[in-house]
Amino acid sequence: MLTFNQVHFYYKKGHSIIEDMSFTVHPGEFVAIVGANGCGKSTIAKLMNGLALPKQGTVKWNALDTSNQSELADIRRQIGYIFQNPEDQLITTTVRDEVLFGLENIAVPRTEMDQRVLEALQAVQMESYIDAEPHQLSGGQKQRVAIAAILAMRPHMIIFDEATSMLDPQGREQVLHIMHTLHQQGITIVHISHHMDEVLTAERVLLIDQGRLIFDGSPHSFFTDIAVADYQLQVPFAVRIHHQLQLAAPVATDWKEAIRRQWSINSNR
């Protein structure tokens, strides 16, 4: 369980980035964090696993406190972090070495390493590239290798910080599929995104505005109760269709299926 308790953060005193932030992410949840550029989303992500430390308040992973230097290594072993640009976390000359690097840092026994590398690459369908050079891969492939490097360490939670924003549609779809597969396997997912259609498949949405938590609830409530355009966010196509058809059911992620259902109801009247 990850807990923010009255967290404040700033880079320069008097210019707050995060103000009085409190929320809890429970084990096994899929949480989307959204908001306009510069609202503090990525800072929240960095606070989650100790890449940034609160100026006031606490960020805790179960009983571990990010402000306790001696506990940071354990926190980062259990909370993986995927950056927006995969090249920010690719540092070796082969895919195999990239995945091995994290295992060496956490002192995994050598006898376990090869199996963990293979399992992690298979989970992201990159095992055939095990000897490839990361810089020769596509953006989506690089991001999948970055995910594999985190998966090999067997985290309980993974933060995806705008991890799909630099990918083409195919690469984005692949990474989203991996996220949901990992969630189905019991890993807690925090997905920071400016793609509002990705929010529809989350279980819970946190809306951040000027460093404050404005909304915490389901995607359906978010798009029903919040004027998302006021926060420089776009309404997903599925939600626009839902509102135009005046559907009574919750917003469907599969907008084509929603249209078919409504057409069937109207045809039988």
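# Asking why: salt bridges, cores and pockets

Guide: Welcome! Let us start in helix H2, where arginine 77 and aspartate 74 sit 3 residues apart, a separation of about one helical turn. Please keep in mind that this is a predicted model.

Visitor: What makes arginine 77 and aspartate 74 a salt bridge?

Guide: The closest N and O atoms of arginine 77 and aspartate 74 are 2.7 Å apart. A salt bridge needs a side-chain nitrogen of Lys or Arg within 4 Å of a carboxyl oxygen of Asp or Glu. At 2.7 Å, the pair therefore qualifies. As a general point, side chains of opposite charge can pair when their charged atoms come close.

Visitor: Why are arginine 77 and aspartate 74 called partly exposed?

Guide: Arginine 77 has a relative accessible area of 32%, and aspartate 74 has 33%. Buried means under 20% and exposed means over 50%, with partly exposed in between. Both values fall in that middle range, so both residues are partly exposed.

Visitor: How do you know that arginine 96 and aspartate 131 meet in a salt bridge?

Guide: The N to O distance between arginine 96 and aspartate 131 is 2.9 Å, and the cut-off is 4 Å, so this pair passes too. Arginine 96 belongs to helix H3 and aspartate 131 to the loop between H4 and H5, so the salt bridge ties together parts that are 35 residues apart in sequence.

Visitor: What makes aspartate 131 exposed, and how does arginine 96 count?

Guide: Aspartate 131 has a relative accessible area of 55%. That is over 50%, so aspartate 131 earns the label exposed. Arginine 96, at 31%, counts as partly exposed.

Visitor: How many salt bridges does the structure hold?

Guide: There are 12 salt bridges. One of them pairs arginine 204 with glutamate 29, with the closest N and O atoms 2.8 Å apart. Arginine 204 is in strand S9 and glutamate 29 is in the loop between strands S2 and S3, so the pair joins parts 175 residues apart in sequence. Arginine 204 and glutamate 29 are both buried, and salt bridges link Glu29, Arg204 and Asp216 in a network.

Visitor: Why is glutamine 143 called buried?

Guide: Its relative accessible area is 0%. Buried means under 20%, so glutamine 143 fits. Glutamine 143 lies in helix H5. Setting aside neighbours within four places in sequence, its contacts are Ile82, Phe83, Gln84, Pro86, Ala163, Leu167 and Val175. Over the whole protein chain of 269 residues, 49% count as buried.

Visitor: Which residues touch the most other members of the largest nonpolar core?

Guide: This core has 54 residues, and those with the most such partners are Ile147, Ile158, Phe160, Leu182 and Phe222. H5 supplies the largest share of the core, 6 residues. Isoleucine 147, leaving aside its neighbours within four places in sequence, contacts Ile82, Val124, Phe160, Val175, Ile178 and Leu182. Apart from this core lies another, of 28 residues, including Val25, Val31, Ile44 and Trp61. In soluble globular proteins, nonpolar side chains tend to be buried together.

Visitor: What lies nearest the centre of the largest pocket?

Guide: Phe101, Gly102, Asn105, Ile150 and Met153 do, out of 21 lining residues. Helix H2, strand S6, helix H3 and helix H5 each give two or more residues to the lining, and H3 gives the most, with 4. The pocket holds about 520 Å³ of space.

Visitor: What classes of residue make up the lining of the largest pocket?

Guide: That lining has 12 nonpolar, 5 polar and 4 charged residues. Gly counts as polar here, so Gly102 falls in the polar class.

Visitor: What is the volume of the second largest pocket?

Guide: The second largest pocket comes to about 390 Å³. It is lined by 18 residues, with Ala123, Val124, Leu151, Leu182 and Gln185 closest to its centre. Helices H4, H5 and H6 each give two or more residues to that lining, and the largest share, 5 residues, comes from H6. By class, the lining divides into 9 nonpolar, 5 polar and 4 charged residues.

Technical notes:
Residues numbered from 1 in each chain as written. Predicted model: local features only at pLDDT ≥ 70, side-chain atom pairs only at ≥ 80, totals over all residues. Heavy atoms only, no water. 1 Å grid on protein atoms, 1.4 Å probe; cavity = no way out; pocket = protein on both sides within 12 Å on 5 of 7 lines; lining within 4 Å. Points joined across faces, edges and corners; volume = space filled by probe spheres on them. Buried < 20%, exposed > 50% of the residue type's maximum accessible area, 1.4 Å probe, protein only. Core = buried A, V, L, I, M, F, W, Y, C linked by side-chain atoms within 4.5 Å. Contact = heavy atoms within 4.5 Å.
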